[in-house]
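Hello,

Here is the structure I promised to pass on to you. Please open it beside this email, and my notes on it follow below.

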Amino acid sequence: AVNGTGPRIIGATKLGAVVTLTCDKAINSSAGNYGNLFRVYAGGIEQTVLTAVRNADTTKIDITCSATLNGAVTLTYGYLAGLASAPRTDFVMDSDALPLPLFGPIVAV
């Protein structure tokens with residue numbers, strides 16, 4: 001079998017201050033919060049992301065925010081404009097080093 005796509009999103013869920021992103025295959029662990037590329041919005045307001053780490057279920061990433069998430073929650077994964085858009089090396093990838101595509105916004109249920 002040829003892996004030509006890398007990990008793909010199955011869904012996102014929220015519980016308290018954590019959004020869990022589920023992919024269709026195992027992903028790598030992060031050296032540093034997956035390059036700080038995850039953004040979480042609750043009620044349209046950007047929340048402070050404290051950590052983004054691979055779950056014990058290696059197909060999932062837990063994105064922990066600084067406060068409980070209330071209202072509609074959306075998740076994005078990508079670069080910011082300006083100084084924060086410097087090159088990064090810590091991406092979500094599968095075992096073949098194929099990356100998760102940048103995305104957003106998706107709804108966490």
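Before the hairpin comes up, one term: two strands are said to pair if DSSP finds at least two bridges between them. Please also keep in mind that this is a predicted model.

With that in hand, start at β1 and β2. These two strands form a hairpin with 2 residues between them, and in the turn Gly16 has a positive phi of about 65 degrees. The strands run antiparallel and are joined by 6 bridges. If you want a spot to look at, find Ala12, which stands opposite Leu21 in β2.

The hairpin belongs to an open sheet of 4 strands, in the order β1-β2-β6-β5, with antiparallel pairing. Its edge strands are β1 (9–15) and β5 (49–54), each of which pairs on one side only. From one strand to the next, the twist averages 15 degrees.

Moving across the sheet, β2 pairs with β6 in the antiparallel sense over 5 bridges, and there Val19 stands opposite Ile63. Between β5 and β6 (residues 60–65) the pairing is again antiparallel, over 5 bridges, with Thr51 opposite Thr64.

How much of β2 is buried? In this strand (residues 18–23), 5 of the 6 residues are buried, so β2 is largely enclosed by the rest of the structure.

Away from that sheet, Asp94 is worth a visit. It sits in the loop between β7 (73–77) and β8 (103–108). Is Asp94 buried or exposed? Its relative accessible area is 4%, and because buried means under 20%, Asp94 counts as buried. A polar atom of its side chain lies 2.9 Å from the backbone nitrogen of Asp96. Leaving aside neighbours within four places in sequence, Asp94 is in contact with several residues, including Asn3, Pro7 and Lys25.

Finally, some backbone details. Most residues other than glycine have a negative phi, and most peptide bonds are trans. Here are the places I noted with that in mind:

- Tyr34, in the loop between β2 and β3 (38–42), has a positive phi of about 50 degrees although it is not a glycine. Tyr34 is buried, with a relative accessible area of 0%.
- Ala97, in the loop between β7 and β8, is not a glycine either, yet has a positive phi of about 65 degrees. Ala97 is partly exposed, at 47% relative accessible area.
- The peptide bond from Gly104 to Pro105 is cis, with omega near -15 degrees. Pro105 lies in strand β8.

Happy exploring, and best wishes!

How values were computed
Residues numbered from 1 in each chain as written. Predicted model: local features only at pLDDT ≥ 70, side-chain atom pairs only at ≥ 80, totals over all residues. Heavy atoms only, no water. Axes fitted to C-alpha atoms, helices over the stretch in contact; angles between N-to-C directions. Buried < 20%, exposed > 50% of the residue type's maximum accessible area, 1.4 Å probe, protein only. Polar contact = N/O pair within 3.5 Å; in protein donor to acceptor, adjacent residues only side chain to side chain. Contact = heavy atoms within 4.5 Å.
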